[in-house]
Amino acid sequence: MRTATQTSPLHPALAGLALSGALAWAAMSLGNIGWLQDHGFSALTVAIVLGIVLGNTIYPRLGASCGEGVRFSKQTLLRAGIILYGFRLTFQDIAHVGLAGVVIDAAMLLSTFGLAWLVGTKVLKLDRDAALLIGAGSSICGAAAVMATEPVLRARSEQVTVAVSTVVIFGSLAIFLYPLLHTLQAEPAWGLRLPDFGVYIGSTVHEVAQVLAAARSIDQHTADVAVITKMVRVMMLAPFLLMLSMKAAPTTSGHQHQPNKLSIPWFAFAFIGVVVFNSFFPLPAALNQLLLQADTLMLAMAMAALGLSTHLSALRSAGIKPMILGAVLFAWLVVGGALVNGALGRLLA
């Protein structure tokens, strides 16, 4: 006969998974609301908000019974979700945007991330992990990139949440700004003449949902090109993680870093493998859609778990500097992105 001591270890995992799953389901349901979709708020964004609300109200009283499952959601399910994310991508996407789109994506990724490190650590004196997380979110694919970078850096929950907050704030501003810029570029005084405005949006806006919301406000062609360009940018997540892991890996303390110690993000290899498989052996549409739903659920559970383990007091202690860094990167994405798109777009056309 099993004793209570023998069976009790299962309870925290099951309770925490159920809580994370319930928040993820609610976020996915809310994410289908037209107003939220039109304003670029994805299920992942809603999930972390719901998690933060509960995490700073009733969850502290449930932490003892739910902690194990919440940690499983935040770590294991996160990696599984990033791997399944590969079913959204194919190598054929690269052909759709051409050489110019790929080079522009790479240029914006490297310049934005480099600027995040330089301004964040050298000028603003932010913790290195905080600056790199904000840089990952701004330069690649928003919240998903922040969450994928966290296991490599082993960053603290509050640092991840601050980075996601910059994605939400400045990515939301982009939804309204880019259609305005498209209108202004027709004015002679503005002087902005971009080869393809869809590539500009896809290479500079944070989240996939935000890209779609901004581009769809212009026209369908712009939306199609913007989303493909964005997905090519997302595909660069795996090599980015590999390069980041080679530069510096955390010690057991999680606060100091040893440049020569390699922390390999194995899930990044699995991500690449899924992209390769999806490129050459596409699954039936129904099965692919099912896997994408599972992927969204896993990532939403991870975001909800992150919110549950984040305390607002820790966010307040982070101060204004992370938002300043987010604003600097946003300005570069808008202004520098226009310059890069204009120059490389014409050069490689």
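In which helix does G55 lie? G55 lies in helix α4. Helices here are DSSP runs of H or I with at least four residues, strands are runs of E with at least two, and both are numbered from the N terminus. This is a predicted model, in which local features need pLDDT of at least 70 and side-chain atom pairs count only at pLDDT 80 or more, while totals for chains, interfaces and linings use all residues. Residues are numbered from 1 along each chain as its sequence is written, and side-chain values use heavy atoms, with hydrogens and water left out.

Stay with G55 for a moment. Its relative accessibility is 1%, so G55 counts as buried. The term has cut-offs: buried means under 20% relative accessible area, exposed means over 50%, and partly exposed is in between, with a 1.4 Å probe and protein chains only. Now look for H311. G55 and H311 are 256 residues apart in sequence, yet their C-alpha atoms are 7.0 Å apart in space.

L177 gives another such pair. L177 sits in helix α9, residues 157-184. With 25% relative accessibility, L177 counts as partly exposed. Its partner here is V334, 157 residues away along the chain. The C-alpha atoms of L177 and V334 are separated by 9.1 Å.

Next come the salt bridges. The structure holds four of them. A salt bridge is a side-chain nitrogen of Lys or Arg within 4 Å of a carboxyl oxygen of Asp or Glu. One of them joins D295 and R88, with the closest N and O atoms 2.9 Å apart. This pair links distant parts of the chain. D295 is in helix α15, R88 is in the loop between α5 and α6, and their positions lie 207 residues apart in the numbering. D295 is buried, because its relative accessible area is 0%. R88 has 28%, so R88 is partly exposed.

A second bridge stays within one helix. E68 pairs with R71, and their closest N and O atoms are 3.0 Å apart. Both belong to helix α5, residues 63-84, and they are three residues apart, so about one helical turn separates them. E68 is partly exposed at 39% relative accessible area. R71 is partly exposed at 42%.

E158 and R156 form another bridge, with the closest N and O atoms 3.0 Å apart. E158 is partly exposed, with a relative accessible area of 25%. R156 is partly exposed at 35%.

Now turn to the pockets. On a 1 Å grid over the protein atoms alone, a pocket is an open set of points where a 1.4 Å probe fits, with protein on both sides within 12 Å along at least five of seven lines; lining residues have an atom within 4 Å of a point. Grid points are joined across faces, edges and corners, and a volume is the space filled by probe spheres set on the points. The largest pocket has a volume of about 820 Å³. It is lined by 26 residues, and S42, A43, R88, A209 and T296 are the closest to its centre. R88 is thus a link back to the bridge with D295.

Which helix gives the largest share of the lining of the largest pocket? Helix α15 does, with six residues. α4 (43-55), α11 (208-216), α12 (220-235) and α15 each supply at least two. The lining holds 15 nonpolar, seven polar and four charged residues. Here Ala, Val, Leu, Ile, Met, Phe, Trp, Tyr, Cys and Pro count as nonpolar, Asp, Glu, Lys and Arg as charged, and the others, Gly among them, as polar.

The second largest pocket holds about 260 Å³ of space. Of its 13 lining residues, F113, F240, M243, L244 and K247 are the closest to its centre. Helix α6 (92-123) gives the largest share, five residues. The lining divides into ten nonpolar, one polar and two charged residues.

Last, look at the surface. F91, I94, I272, V276, F277, F280 and F281 form a nonpolar patch with about 610 Å² of accessible area together. Patches are made of residues with over 30% relative accessible area and no salt bridge; like charges are joined within 9 Å, and nonpolar side chains (Val, Leu, Ile, Met, Phe, Trp, Tyr) within 5 Å. Accessible areas come from the Shrake-Rupley method with a 1.4 Å probe, and for residues only the protein chains shown count as cover. Helix α14, residues 266-280, gives the most to this patch, with four residues. F281 is in the loop between α14 and α15 (285-308). F281 is exposed, because its relative accessible area is 53%.
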